[in-house]
Amino acid sequence: MFLEKNFWGLVFLFCWGAVFSQENRFKTTNETSVKLAFNKTNEVYKKEVKKTFKLGGLFDRFRSEQLSYLYTNNNENLYVAEVYSSLLSSITIVEERSENFIVNRLSINSKYSDYAPSFFEGELVFASSRNANSFSKIVHELNNQPFLDLYTTVRASDQRSIGKLKGEINSKFHESSATFSRDGKTVYFTRNNYSKRKSKTNQEGTILLKLYKASYDNGKWRNIEELPFNSDEYSIAHPTLSKDGKYLYFASDMPGSYGKSDLYVVEINEDGSFKTPRNLGDQINTSGRETFPYISDKGKLFFASDGHEGLGGLDVFMVLPDKNGVVGVYNLGEPINSTKDDFTFIINEENKIGYFASNRKGGRGDDDIYGFKQMTLFPKYRPVTKPNTKWQLERVIELVPNKEATTSL
């Protein structure tokens with residue numbers, strides 16, 4: 001608490017040192033922070049903080065290091081140099097700031113596609129085509145990307161903590177977009193139309209996407225079941241469960257859709273059976289692509305779309321009513337959205353931490369996962385004003401397992 005109250009004094013010292021080289025500034029600031037224990041200069045130098053935001057991100061790096069120092073300062077044997085080295089290796093690679101979000105690219109990303117994060121009992125589950133076995137290497141040579149599998153990590157900044165989901169979920173084709181029941185015993189996920197070790201195609205020879213479920217049994221995911229409303233002639237993908245577990249939302253291009261893909265919901269009966277899926281309507285769905293729905297712990301619906309007005313490619317939107325109670329959508333804006341594809345958004349609104357994927361410039365691979373901290377509350381109602389630009393989808397997120405084309409919603 002003492003360090004926190006005197007944080008602004010350190011900020012001034014950091015800004016004052018701007019006449020030195022960047023590395024000297026960091027060295028001087030870290031040494032000074034330990035020696036002086038943050039002098040009581042909070043209010044005096046608040047104006048100086050605003051200036052630091054214009055210094056090429058130096059303030060952001062400084063603050064990340066100081067927060068990490070606070071985390072480790074109870075170990076009296078750690079020297080300043082050791083703390084500094086640890087901080088640089090633990091902070092994320094890219095940081096973007098806005099009034100609403102602080103966004104960081106995670107170090108778990110690979111040179112391939114990483115996306116579709118989901119929460120599961122303190123772990124982060126995500127889809128990745130980083131598979132390095134011999135079969136995947138052959139696929140990579142033919143199609144530029146290995147197959148997608150579902151992975152998990154307990155620390156979103158540590159490559160060593162990454163492993164595949166255990167059990168029968170991952171097959172020789174694609175798996176992605178997992179959502180878990182609150183009791184942790186059931187998972188719904190997306191897979192290519194593949195069962196009994198064989199893939200199936202529609203009349204045009206295309207391998208489509210289907211939803212499956214599995215149950216957690218003795219530390220492994222088993223008992224894979226295809227959901228009954230799947231079809232061999234259209235795709236159903238990217239599930240998310242409502243907070244109470246009674247409704248499953250997903251994306252599909254089934255007959256009756258307004259666009260390339262729409263958002264749907266199906267009610268889950270108490271015995272585990274399903275009612276008839278229904279379209280969420282034209283207030284949400286457009287002639288474009290609506291996909292990757294997500295229901296937060298507060299019950300808000302988020303999704304990706306290229307059909308609503310946005311910044312470019314797929315943007316992340318939130319369903320909001322206007323002041324008359326009419327349901328509409330709200331663009332989350334920068335830095336969550338960019339001129340590229342931004343999708344698979346998830347958030348824990350209780351602690352305001354979340355993740356999403358993007359193929360924006362500066363990433364390590366095809367698609368990368370980013371973490372973020374929400375700084376302000378979401379609006380209660382949909383704003384009247386809308387973004388001024390409307391861009392077309394620049395890239396369809398492809399899932400290409402073999403020579404037979406595969407669609408993605």
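This short presentation describes the strands, a pocket and the aromatic pairs of one structure.

Good morning, colleagues. The structure before you is a predicted model. I shall start with the sheets, continue with the buried strands, turn to the aromatic rings, and finish with a pocket.

Let us take the sheet that contains β3. It is an open sheet of four strands in the order β3-β4-β5-β6, and the pairing is antiparallel. Its edge strands are β3 and β6 (163-164), each of which pairs on one side only. Between β3 and β4 there are five bridges, and the two strands run antiparallel. To place one contact in that register, Tyr115 stands opposite Ala127 in β4.

The loop between β3 and β4 (123-128) contains Gly122. Is Gly122 buried or exposed? With a relative accessible area of 68%, Gly122 is exposed, because the term applies to values over 50%. The C-alpha atom of Gly122 is separated by 9.2 Å from that of Thr153, a residue 31 positions away along the chain.

A further open sheet of four strands has the order β17-β18-β19-β20, again with antiparallel pairing. Here the edge strands are β17 and β20 (327-331), and each pairs on one side only. From one strand to the next, the twist averages 35°. Within this sheet, strand β19 (residues 315-321) is joined to β20 by five bridges, in the antiparallel sense. One of the partners can be named: Pro321 has Val327 of β20 as its bridge partner.

I now move to strands that are covered by the rest of the model. Why may strand β2 (residues 101-105) be described as largely enclosed? Five of its five residues are buried, so the rest of the structure largely encloses β2. The side chains of this strand alternate in direction: Phe101, Val103 and Arg105 point one way, Ile102 and Asn104 point the other way, and all are buried. I draw your attention to Arg105 and Asn104, which are included in that buried set. The neighbour of β2 is strand β23 (residues 368-374), to which β2 is joined by five bridges in an antiparallel arrangement. In that pairing, Asn104 has Gly371 of β23 as its bridge partner.

Strand β15 (residues 262-267) is also mostly covered, with five of its six residues buried. Strand β14 (residues 247-252) runs antiparallel to β15 and is joined to it by six bridges. There, Ala251 has Leu263 of β15 as its bridge partner. β15 also pairs with strand β16 (residues 278-279), in the antiparallel sense and over two bridges. In this second pairing, Tyr264 is matched with Asn279 of β16.

Next, the aromatic rings. How many aromatic pairs does a search of the whole structure find? The search finds 23. Consider Phe302 and Phe378: their ring centres are 5.4 Å apart and their planes meet at 55°, so this pair is tilted. Phe302 belongs to strand β18 (residues 301-305) and Phe378 to the segment after β23, so the pair ties together parts that are 76 residues apart in sequence. Both Phe302 and Phe378 are buried.

The rings of Phe356 and Phe372 also form a tilted pair, because their centres are 6.3 Å apart and their planes are at 45°. Since Phe356 lies in strand β22 (residues 353-358) and Phe372 in strand β23, this pair ties together parts that are 16 residues apart in sequence. Phe356 and Phe372 are both buried. These residues belong to a cluster linked by ring pairs, whose members are Phe101, Phe302, Phe345, Phe356, Tyr370, Phe372 and Phe378. One of its members, Phe101, has already appeared as a buried residue of β2.

Finally, I come to the second largest pocket, which has a volume of about 720 Å³. Which residues lie nearest its centre? Of the 34 residues that line this pocket, Phe119, Thr179, Phe180, Tyr294 and Ile295 hold that position. The strands that each supply at least two lining residues are β3 (114-120), β7 (175-180), β13 (236-241), β17 (290-295) and β21 (342-348). Among these contributors, β3 and β17 have already been mentioned, β3 as an edge strand of one open sheet and β17 as an edge strand of another. By residue class, the lining divides into 16 nonpolar, 13 polar and five charged residues.

That concludes my presentation. Thank you for your attention.

Technical notes: Residues numbered from 1 in each chain as written. Predicted model: local features only at pLDDT ≥ 70, side-chain atom pairs only at ≥ 80, totals over all residues. Heavy atoms only, no water. 1 Å grid on protein atoms, 1.4 Å probe; cavity = no way out; pocket = protein on both sides within 12 Å on 5 of 7 lines; lining within 4 Å. Points joined across faces, edges and corners; volume = space filled by probe spheres on them. Nonpolar A, V, L, I, M, F, W, Y, C, P; charged D, E, K, R; others polar. Pairing = 2+ DSSP bridges. Axes fitted to C-alpha atoms, helices over the stretch in contact; angles between N-to-C directions. Buried < 20%, exposed > 50% of the residue type's maximum accessible area, 1.4 Å probe, protein only. Phe/Tyr/Trp six-rings, centres within 6.5 Å; stacked < 30°, edge-to-face > 60°.
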